[in-house]
Amino acid sequence: MTSTAQRAGQGPPPVLQLEGITKSFGAVKALGGVSMTVAAGEVVALVGDNGAGKSTLIKTIAGAHPRDGGTMRFGGEQVSPRRPVDSTRLGIATVYQDLALCDNLDIVANLFLGREKHHGGFLSALDMEEVAVGLLKRLSVRIKDLRAPVSSLSGGQRQSVAIARSLLGDPRLVILDEPTAALGVEQTAEVLELIERLRAEGHAVLMVSHNLADVFDVADRIVCLRLGRSVAEFPVEGTTEEQVVAAITGVADSSAHKRRKLRRDRAEEGRP
Amino acid sequence: MTTHTATGPVGPARATAGTPPPDTGNWIRERVQRLRTGDLGPLPVILGLVVISVIFQIANGRFLSPQNLSNLSLQIASTGVIALGIVFVLVIGEIDLSAGSVSGITSAAMVVLTINHGWPPVLAIVVAVVFGAAIGLFHGMIFTKLGVPSFVLTLGGLLAWQGGQLLVLGNHGTINIPYDGTIASLANTTLQSWIGYVIAAVYASAAVGRTCLTARWRRERGLAVRPFTGDLVRDGAVTAVILAATVVFSRWHGIPLSLLIFVGLVVAVDVLLRGTTFGRKLFAVGGNAEAARRAGIQVGTVKVIAFTIASSLAAFGGVLAASRLFAVNQASGGSDILLNAIAAAVIGGTSLFGGRGSAYSALLGMLVIGAVSNGMDLLNQTSAVKYVITGAVLVAAVVIDSLARRGRAASGR
């Protein structure tokens, strides 16, 4: 599963492979060369400070902002999604932070929004509900009434519905933008569990997050962006939060880091 | 949150996301819960109708007489069809203030074509509706391409099409249509009562069959079987209303054709809104346009179509109004027609905020407005009193809508 092995030509190519992606908005260089891979059955966390280019990068992959330079390979094939629909067709599903659910519609309607099952324009309500029940069961998403409007759901359930919706097209890559932001402890656990299930089903998952605790909980690898460049990559195994924070901020010993180190040293030495 | 451990002969997709098996107590509890959380449905307006009927019947014994009820149903049909069109624009969260003027100019075009130019009446009616569709298309294109707020755009339309109507009518001012012509027959034909009984029978068997079949299909597919006592109660109530209306109409001249046309359109629009992909798109656009766009829905196209349908129905409403009046004049489509149509949709439960509404709101709301207006006439009240009361009913309906919205927000629905 390690990407180095795949780069060396063993096994299938990674689902997503980016090389030197660049993107500018006028004079502002948002991405100055990002390289990374995501393999099937792997959760890669994309971390970085505000303005590091995380959102721009996922929008580039999703086709919302076509890239200026660099190569993007999807399943080994070179691709250039220019519109969101292009990436959807390739098998890339993106769940943005604002989820884009219709509060006035029920859960089944939201899951199938824009791709309703129908016979000659007439909705096949039961077909859709059957698929929805199966899908949510597979993902162990527990929602009592599928006919309830989405506005009645908790934040975690809404996130789960949004993620479940992205899976309906059976994508190979699922991009999640801050999936645990603004969620409570229990709801966060629920969503992380769901992400693990995506990995178990063999989806490649690229997850943007600010929350390092969540990243360490669920990710296999961490890719760190700083000022529009991919500056570091860590396997979660054997990496400490300090290392990641240092890569994010670009400062080996920030004051927060120093304080934490001091605290730890004190604890080790048994001083008060 | 109930998690079933699958017991018994259940399908492979036995729901984790299931509800408990049906029982009546559960259904009532669910209903009460829904009411509490601000999901009022058509209940307030039905209650309102009952209250209005009782008050007017007490004040004037003729209110519920067959003659008056027949009269009432003739009065509401034309504006009701316009209100049905308004539902489309309200559902996408927009407004159409030009519907009255559009009904005026298109019906004016119709009579000029058939009376002054000798076109066959049916062709003239078709042209009027197509003319309405073209106006709606025009509104929709300007609205989506140039981004003019629908309120301002259709306010301009209200004035401009009214001016157009005066131009079309020319210096005649009023053009009469023959009493025995095709156009006049729309609002002045009554049907024999057996048709009403047939409709009741067809409706009852279709509704009950549908309810039972749906329950069976759900069981076969291993989906949670929802309690359907409520559906059966509703089916029975609607059948009873159809039968009662038939009996009442048969004791006067018969079933008014225009009412039948109106109700037929309401049913068709209901199927369109709730049962088709297009209807789903309308609600999605009204609920969250950005989400709809990201889901691949052509938001602009959906809006243009909504405006087109609204104006087409407005045009057909104008045809019915002309038929009932036996004429089109400079005041056709003016006065309080537009506001009554919008008020009807809102009173019936279509939200002004978009994303919520139903075809039946046009029928129910129009019944309320028609009943108030008709009852006031029976009591020999002036227009002044009528306007005040109708306005108060409208505000009451919007207050109920806002309170229900607040209730939904508070309970997170």
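**Contacts of chain B: with chain A and between its own domains**

The contact between the two chains takes 32 residues from chain B and 31 residues from chain A. The model is predicted. Within chain B, a second contact joins domain 1 and domain 2, to which these domains give 9 and 11 residues, respectively.

**Chain B against chain A**

- On the side of chain B that touches chain A, two or more residues come from each of α8 (193-220), α11 (277-287) and α12 (289-294) of chain B.
- The element that gives the most to this side is α11(B), with 6 residues.
- By residue class, the side of chain B that touches chain A holds 13 nonpolar, 12 polar and 7 charged residues.

**Domains of chain B**

- Domain 1 of chain B covers 41-192 + 254-399, and domain 2 covers 193-253.
- The centres of domain 1 and domain 2 of chain B, taken over C-alpha atoms, are separated by 27 Å.

**Domain 1 against domain 2 in chain B**

- Domain 1 of chain B contributes 9 residues to the contact, and domain 2 of chain B contributes 11 residues.
- On the side of domain 1 that touches domain 2, the elements giving two or more residues are α3 (66-91) and β2 (190-191) of chain B.
- Of these elements, α3(B) supplies the largest share of that side, 4 residues.
- The side of domain 1 of chain B that touches domain 2 of chain B is made up of 4 nonpolar and 5 polar residues, with no charged residues.

Methods:
Residues numbered from 1 in each chain as written. Chains lettered and ligands numbered in written order. Predicted model: local features only at pLDDT ≥ 70, side-chain atom pairs only at ≥ 80, totals over all residues. Domains from an automatic or database assignment. Contact = placed C-beta atoms within 7 Å. Nonpolar A, V, L, I, M, F, W, Y, C, P; charged D, E, K, R; others polar.
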